[in-house]
Amino acid sequence: MSTAVAPQPPVADDTVIERTVLADRSRSWWHLPATLTVLALAAMVFFGLRAKAGASTTFGLAEKAALNPGKIIPETVTVPTGPATIVLTALCLAIAAFFWWAQWANVALRPLVRIGLLALFALLWVLGFLTWASAGSETMSIGSLLQTTIVLAVPLAFGAQAGVLSERSGVINMAIEGQLLFGAFGAALVSSLVGGALGPWAGLVAAPLMALVIGALLALFAVSYRVQQIIVGVVLNVFAVGLTSFFFGTVMRQNPERFNTASVLPHWRIPILADLPVIGRVLFDQNILVYLMWIIVAALTVAMFRTRWGLRVRAVGEHPRAADTVGIDVNRTRWTNVLLGSAVAGLGGATLTIGTNVAFGEDMSAGKGYIALAAMILGRYHPAGALAAALLFAFADATQLKLSAVSAGGGGIPSDVLLMLPYIVTLFAVAGVVGRVRVPAADGVPYVKQ
């Protein structure tokens, strides 16, 4: 018995096949433009329309000693508070309107264009806020504000990088707070014991080694014994606070000249570049910890996404069973990354003492480890993104410090509100990415080799 197959008509050579893609707007298409509109309108009402009549704001840009031929960049710029704020917030509204059009028309913006517009919106909004808050007060020095931002960002950045290293391999690092505190304690103690010009350098070496104690305990319980990782991290933070407080009260406080002397790492000034206006001192007149921050972020970005080691780490964090089948030792990789991350966090702890010429104080990390964890999440578990988020939070902190110091009390802003500013920014920033950031699939999941 045979089955006949009906012949198919030949396809002409000039047949045109068209693909039609029906792209519907998502249900949340209006969230971003609505948020930008609300922020811009709030700035217009509270900063622009309610500005002091006849008030002016002075910004300091270039210092007198800066390399500024012909004074291309003026030393100070004075603007009328109300009109300047209205113009800035009107530009914010224009960007929000553009996003309304792009989202409604379902126009796919390139990532760089989208990020650039959002960054421009944030810059204009912040400038509007600073213009209003500094009205009628002393000069708002932009260079000083950025300098403070960098100093405050260093421990957050190192802590966030520690979180990226651990969580990319599948271990939740809630112990960043304890690692920062142990690093600060070790740096201050060893620096005081060694003393002299070598003291700060000895403290710089001791800080990551001390933080490794917390890292080893975290890896032991979270990786080897497979204890619930969040609980282990919180317990280790409490352990770090208790142990350092005990030694601070019984040893350091009793003999501060020997065990807790303030010392500081020297600044390395890069000639010519350090004389550039506005950004010169901010980027090129810092201690080694700031330069290490830039180097570590760049190195981790390349290593995590451009090397075989980074591929293995990400494989362990995404699908440890598959990584195990190709010969990758999952638990050893996690141990290595947790220890490496702890050492990096220890450098952030050193910033709190020998990086800023401050003696060790009880619980001096003050929640910076948790803010670093938020920076890691906001940065989408990427080294560069975590650094950018750390700079954002540090800028908010630097702003409240600067506004608290001006003679007008921060443009009439209550001091309690200013103190809350860094935490408000952290809260809203993290709340905005909840459900939008993709966590490594095996993050927090212990691995048992079959």
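**Note on helix packing, cores and sheet**

1. The axes of helix H5 and helix H7 (residues 229-252) come within 8 Å and cross at roughly 25°. Angles under 35 degrees count as roughly parallel, so H5 is roughly parallel to H7. The crossing of the two helices, H5 and H7, is left-handed. This is a predicted model.

2. On the H5 side, the residues making the contact include Ile176, Leu181, Phe182, Phe185 and Leu189. H7 contributes, among others, Phe239, Val241, Leu243, Phe247 and Met252.

3. The largest nonpolar core has 44 residues. Phe158, Leu204, Leu289, Met293 and Phe393 have the most contacts inside this core. Helices that each supply at least two of its residues include H4 (142-168), H5 (176-194), H6 (199-224), H10 (288-306) and H15 (383-405).

4. Which residues does Leu289 touch, leaving aside its neighbours within four places in sequence? They are Val154, Phe158, Leu204, Leu265, Leu347, Ala350, Thr351 and Gly355.

5. A second core, separate from the largest, has 22 residues. Among them are Leu181, Phe182, Leu352 and Phe360. Leu181 and Phe182 also belong to the contact that H5 makes with H7.

6. There is also an open sheet of 3 strands, in the order S2-S1-S3, with mixed pairing. S2 (76-80) and S3 (140-141) each have a single partner strand, so one side of each is left without a neighbour in the sheet. Strand S1 (residues 56-60) and S3 run parallel and are joined by 2 bridges. Gly60 has Ser141 in S3 as its bridge partner. Helix H2 (residues 81-104) packs on the sheet, touching S1 and S2, and its direction makes about 90° with that of S2.

Conventions. Residues are numbered from 1 along each chain as its sequence is written. This is a predicted model: local features need pLDDT of at least 70, side-chain atom pairs count only at pLDDT 80 or more; totals for chains, interfaces and linings use all residues. Side-chain values use heavy atoms; hydrogens and water are left out. Two strands pair if DSSP finds at least two bridges between them. Helices (H or I, at least four residues) and strands (E, at least two) are DSSP runs, numbered from the N terminus. Contact means heavy atoms within 4.5 Å. Axes are lines fitted to C-alpha atoms, for helices over the stretch in contact, and angles run from 0 to 180 degrees between N-to-C directions. A nonpolar core is a set of buried Ala, Val, Leu, Ile, Met, Phe, Trp, Tyr and Cys residues joined through side-chain atoms within 4.5 Å. Buried means under 20% relative accessible area, exposed over 50%, partly exposed in between (1.4 Å probe, protein chains only). Angles under 35 degrees count as roughly parallel, over 145 as roughly antiparallel, 65 to 115 as roughly perpendicular and the rest as oblique. A crossing is left-handed if the near helix is turned anticlockwise from the far one by less than a right angle, and right-handed if clockwise.
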